[in-house]
Amino acid sequence: MCGIVGYIGDQQASKIIIEGLKRLEYRGYDSAGIAVLNGKLEVKKGKGKVSNLEKMVTSAQNGQIGIGHTRWATHGEPNDINSHPHTSQNGKMALVHNGIIENYGTLKKKLTDQGYEFYSQTDTEVVAKLIESFLVKDNRSLKKAVQHALHQVEGTYGIAIVHSDYPDQIVVARKGSPLLIGVGEGEMLIASDASAVAAYTDKVVYLDDGELAVITKEGYTVESANQIELTKEVHELALSLEEIEKGGYDHFMLKEIFEQPKAISDCLRGRINSEDGTITLGGIEDVMDKLVNAKRVVIAACGTSWHSGLVGEYLFEYLAKVPVEVEYASEFRYKEPLIGEGDVMIAISQSGETADTLAALREAKARGALVLGVVNVVGSTIARETDAGVYIHAGPEIGVASTKAFTAQVTVLTMMAIKLGLEKGTITKTRATELITELSRIPAKIEEVLEDTTEIQRISNLFSYAPNFLYLGRSYSFPVALEGALKLKEISYIHAEGYPAAEMKHGPIALIDEMMPVVVIAATHHTNDKMISNIEEVRARKGRIIAISTSENTEVADLAEFTTIIPETMDVFSPLVSVIPLQLLSYYIAVNRGCNVDQPRNLAKSVTVE
Ligand code: G6P
């Protein structure tokens, strides 16, 4: 949520900051703003996207130091005044913030009593004035004033500050919201994530919670919360510019859908061996004994990652015979969770920054559970705070609606379940070899689905203006139904519900009439007969059946009004293939409706507030 970029060096800061903000726009796009030091502090900001801001920033803004922000609104509606940066009363200092200041009401009152005036409804303006109050009162250095102010602040923040009396430094601090330093030669950048700095440097330093840094164009110093100077590890980024650009596709989402065969191959590479039926997952080898002896596994995640967790539940219970619970990370903490030693939590997150997932894993860790991560973004907070984990290696995912991260997460969970099953003896080596061999064929099967999208486009054209959709699936196809419905809601704003097919009888069936498109995912063999009965029930009420099924399943094709054919695979792998037409369906419908596919309204890709 919210993206922060900053630059200090010899180049025109505003150009670099705007470019970085565009790369971070997936974190929020309610408003954007920039502050540059050019003799004095110059601020431009306003409602809307970074492209609006770009028009406001004239060449007059020639300073070589500055900070910028793209906002996902928490406190205060997304208007010009509430946009970041927020400034001090004397107009010398500007601050951008990602996170939530929980005690901003109390602080605001104190500052108002001291004579400070507030113009916005944001929690952030309070921090700007609080820092100013310490600067003015005690004539401290900017760093000291920030440190002092942050001691009084409760909540989460990633902040960056520039001040015209300190024209050679940017002060940044982090607690709960991600922030990194991009280390260049004679120039430095700061950003919420690496995609904003990748064009300028491949060296980054990740700040940890409680840390504060002073950045100059020659270097940086980092201090811990108790003001001890730290030596931070410099990480090398493995991020190419090509990966974070659209590469000829109309939208990032479409590019990412088509990248799935590669993403899954990358995810499998070096990890599976279909000749000897083994799986090597370097990140969790050392904790495998704990996983083997786990009383149960608790999966915590949000959104699409929660759906892949549900697929994980089916996989772990079937292949490794371990009880699994899948928790919404946002609920986990608030139910006094019964979790402790002997339990294993798997936290799944594309971004590795989702605040609720982070809170859930911290809770589980504090109660003694082993916490594993299944994460995409290397070096992210969740990746660093888990005891061990497996990266999904899907490459940067920029489209707000998650696609390739879902299939890569499911791929990792599949490998983990097979590996665990092998080590526990719940599957034989022969069975593991069969499974691994089929798993290695999945990228080619997805490729097959992507080769011809004509039918799915035809269906999309017919139903683009349907007000509602129902998605039904059983067994492994149930989480896929939920994911299909979520994709449609997210980017086309059509109301859609995913349901276990049999549960339809207990409510949603009342909604079915000749206006209702019902997407049935008939991709699992062991539930096919029952699925056919459910299709009959929909037909009897004149629902419009859109089936996702295999060519061998002629019975389903005969009953459905439309069928999208996917290749045959084992039931355990079916989500990896059956989800593809659903991603495409939502994509083409959103495009037909003129929706902003990559930046759907009100959403953000990285949700760093609880
Ligand atoms: C947001 C995104 C979703 C994502 C969810 C969880 O809602 O828009 O695409 O599934 O957060 O994010 P994570 O990064 O933890 O997987």
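A residue is called buried when its relative accessible area is under 20%, exposed when that area is over 50%, and partly exposed in between (1.4 Å probe, protein chains only). The structure is a predicted model, in which local features need pLDDT of at least 70, side-chain atom pairs count only at pLDDT 80 or more, and totals for chains, interfaces and linings use all residues. Residues are numbered from 1 along each chain as its sequence is written, and side-chain values use heavy atoms, with hydrogens and water left out.

**Exercise 1.** Determine whether T564 is buried or exposed, and list what T564 touches.

Solution. Step one is to locate the residue: T564 belongs to strand β27, residues 562-566. Strands (E, at least two residues) and helices (H or I, at least four) are DSSP runs, numbered from the N terminus. Step two is the accessibility: T564 has a relative accessible area of 8%, and is therefore buried. Step three concerns contacts, meaning heavy atoms within 4.5 Å. With residues up to four places away in sequence not counted, T564 touches E455, I456, I459, A547, I548, S549 and P581.

**Exercise 2.** Find the salt-bridge partner of E455 and state how far apart the two lie in helix α15.

Solution. A salt bridge requires a side-chain nitrogen of Lys or Arg within 4 Å of a carboxyl oxygen of Asp or Glu. The partner is R458, whose side chain meets that of E455 at 3.0 Å, N to O. Both residues lie in helix α15 (residues 454-463); because they are 3 residues apart there, about one helical turn separates them. R458 is partly exposed because its relative accessibility is 42%, and E455 is likewise partly exposed at 25%.

**Exercise 3.** State how many salt bridges the structure holds, and examine the pairs formed by E54 and D165.

Solution. The total is 33 salt bridges. In one of them, the side chains of E54 and K22 meet at 2.8 Å, N to O. This pair links distant parts of the chain, since E54 is in helix α2 (residues 50-56) and K22 in helix α1 (residues 13-23), 32 residues apart. Relative accessibility is 37% for E54, which counts as partly exposed, and 40% for K22, also partly exposed.

D165 pairs with K92, their closest N and O atoms being 3.0 Å apart. Here too distant parts of the chain are linked: D165 sits in the loop between β7 (157-163) and β8 (166-175), K92 in the loop between β5 (86-87) and β6 (93-98), and 73 residues separate them. A network of salt bridges also links R174, D209, R362 and E385.

**Exercise 4.** Explain why helix α1 is described as largely enclosed, and name what covers its buried residues.

Solution. Of the 11 residues of α1, 8 are buried, so the rest of the structure largely encloses this helix. The buried residues are A13, S14, I16, I17, I18, G20, L21 and R23. Their cover includes β1 (3-8), β2 (31-38), α2, β4 (65-71) and β10 (188-191).

**Exercise 5.** Describe the surroundings of I339.

Solution. I339 is placed in the loop between α10 (329-332) and β20 (343-349). The residue is buried, because its relative accessible area is 9%. Neighbours within four places in sequence aside, I339 contacts R296, V298, F332, M345, A364, R367 and A369. A366 lies 27 residues from I339 in sequence, with 9.7 Å between their C-alpha atoms.
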